Amino acid sequence: MELFGIFDLNIIIRVLSALLLGFAVGLEREMTNKYAGLRTNILVCIGACVFTIISIYGFPAITVTSVELGTRDTARVAAQVVTGIGFIGGGTVLRHGATVFGLTTAATLFMSAAIGMACGAGMYDLAIVATIVAIITLVSVRFFEKNILVSSTKNLCRLKISLKCTKSKADELYEQVINKYPYLKEIDKKSDENSTKIVLVVEMNAKKPMQSLYKEFQKFEGIESVSIQEFCDD
């Protein structure tokens, strides 16, 4: 079926369905402020869809002159999408010390590509079910981990804390920090003419670790500034 004699309506529906389903998956990533959000998931989904359409219709086995070109492999191009998406997913994976972040985001991109391929093949039922299952998994499992598996080490947040304090209080603060946080992973102290900077990395299992840390450091004397960067599991 053609639209205005130019565009194939079937292909348009497949691309638009990939756009909508990619948007649905990417919205969850965007709302949770992950590295790959709406645009990335949409483009991955549409790209996989287009590659699948090309692999199906772009290499005909017979020319317009009815000359046979031989056997074609419609899965050849689509198969490379599975391999190629690994490069994009690898760009979202970060390592901080012994902890790896971004694996869920990379897996989500892999899922978006699979949904796009399903749309490109015209398997709308599979694409819609996969999208629903993916969103339910991303939302419900996160809620389950944070509210039910509270004691699990999987829910530990790693935080990098930078403290700037007066030189007279530096040694005392250094000792207090070591005694205060048993999950201390790294600590470093550097001094200049006027102040001392202490940088430490800790792991916490609190629901709002940054807020609790700010309140704790307000009780310490001699601190001029506090900076906290959070690296939670994705």
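Good morning. I shall begin with one helix pair: helices H1 and H4 cross in a right-handed sense. Please keep in mind throughout that this is a predicted model.

Helix H1 covers residues 9–31 and helix H4 covers residues 103–120. Their axes lie 9 Å apart, and the packing angle is about 165 degrees. Angles over 145 degrees count as roughly antiparallel, so H1 is roughly antiparallel to H4. On the H1 side, the residues that take part are Arg14, Ser17, Ala18, Leu21, Val25 and Arg29. They meet Thr104, Thr105, Thr108, Ser112, Ile115, Gly116, Cys119 and Gly120 of H4. Sorted by class, this contact between H1 and H4 contains five nonpolar, seven polar and two charged residues.

One further residue of helix H1 deserves mention, namely Ile13. Is Ile13 buried, partly exposed or exposed? Its relative accessibility is 41%, and because buried means under 20% and exposed means over 50%, Ile13 counts as partly exposed. Along the chain, Ile13 and Gly120 are 107 residues apart, yet their C-alpha atoms are separated by 9.3 Å.

I turn now to the partners of helix H2. The axes of H1 and H2 come within 7 Å of each other and cross at roughly 150 degrees. These two helices are therefore roughly antiparallel to each other, and H1 passes H2 in a right-handed crossing. The contact of H1 with H2 comprises 15 nonpolar, four polar and three charged residues.

Helix H2, residues 38–57, also packs with helix H3, residues 75–90. Here the axes come within 9 Å, with a crossing of roughly 160 degrees. H2 is thus roughly antiparallel to H3, and the crossing is again described as right-handed. Which residues of H2 and H3 meet? From H2 they are Val44, Ala48, Phe51, Thr52 and Ser55, and from H3 they are Val77, Ala78, Val81, Ile85 and Ile88. This contact of H2 with H3 holds eight nonpolar residues, two polar ones and no charged ones.

Let us move to the nonpolar cores. As a general point, nonpolar side chains in soluble globular proteins tend to be buried together. In this model, the largest nonpolar core has 16 residues. Those with the most contacts inside that core are Ile161, Leu163, Leu213 and Phe217. Which elements each supply at least two residues of this core? They are strand E5 (157–166), helix H6 (167–180), strand E7 (195–204) and helix H7 (209–218). The largest share, five residues, comes from E5.

Ile161 illustrates the contacts well. Leaving aside residues up to four places away in sequence, Ile161 touches Ile198, Val199, Leu200, Val202, Leu213, Phe217, Val226, Ser227 and Ile228. There is also a second, separate core, of 13 residues, which includes Val25, Cys49, Cys119 and Ala130. Val25 and Cys119 have already appeared in this talk, in the contact between H1 and H4.

Finally, the protein as a whole. The protein has seven helices and eight strands. Of its 234 residues, 33% are buried. Among contacts with a separation of 6 or more, 65% are between residues 24 or more positions apart.

To close, I return to the two themes of this talk. For the helices, H1 is roughly antiparallel to H4 and to H2, and H2 is roughly antiparallel to H3. For the cores, one has 16 residues and the separate one has 13. Thank you for your attention.

Methods. Residues numbered from 1 in each chain as written. Predicted model: local features only at pLDDT ≥ 70, side-chain atom pairs only at ≥ 80, totals over all residues. Heavy atoms only, no water. Core = buried A, V, L, I, M, F, W, Y, C linked by side-chain atoms within 4.5 Å. Buried < 20%, exposed > 50% of the residue type's maximum accessible area, 1.4 Å probe, protein only. Helix = DSSP H or I, 4+ residues; strand = E, 2+ residues; numbered from the N terminus. Contact = heavy atoms within 4.5 Å. Axes fitted to C-alpha atoms, helices over the stretch in contact; angles between N-to-C directions. Parallel < 35°, antiparallel > 145°, perpendicular 65-115°, else oblique. Left-handed = near helix turned anticlockwise from the far one by under 90°. Nonpolar A, V, L, I, M, F, W, Y, C, P; charged D, E, K, R; others polar.
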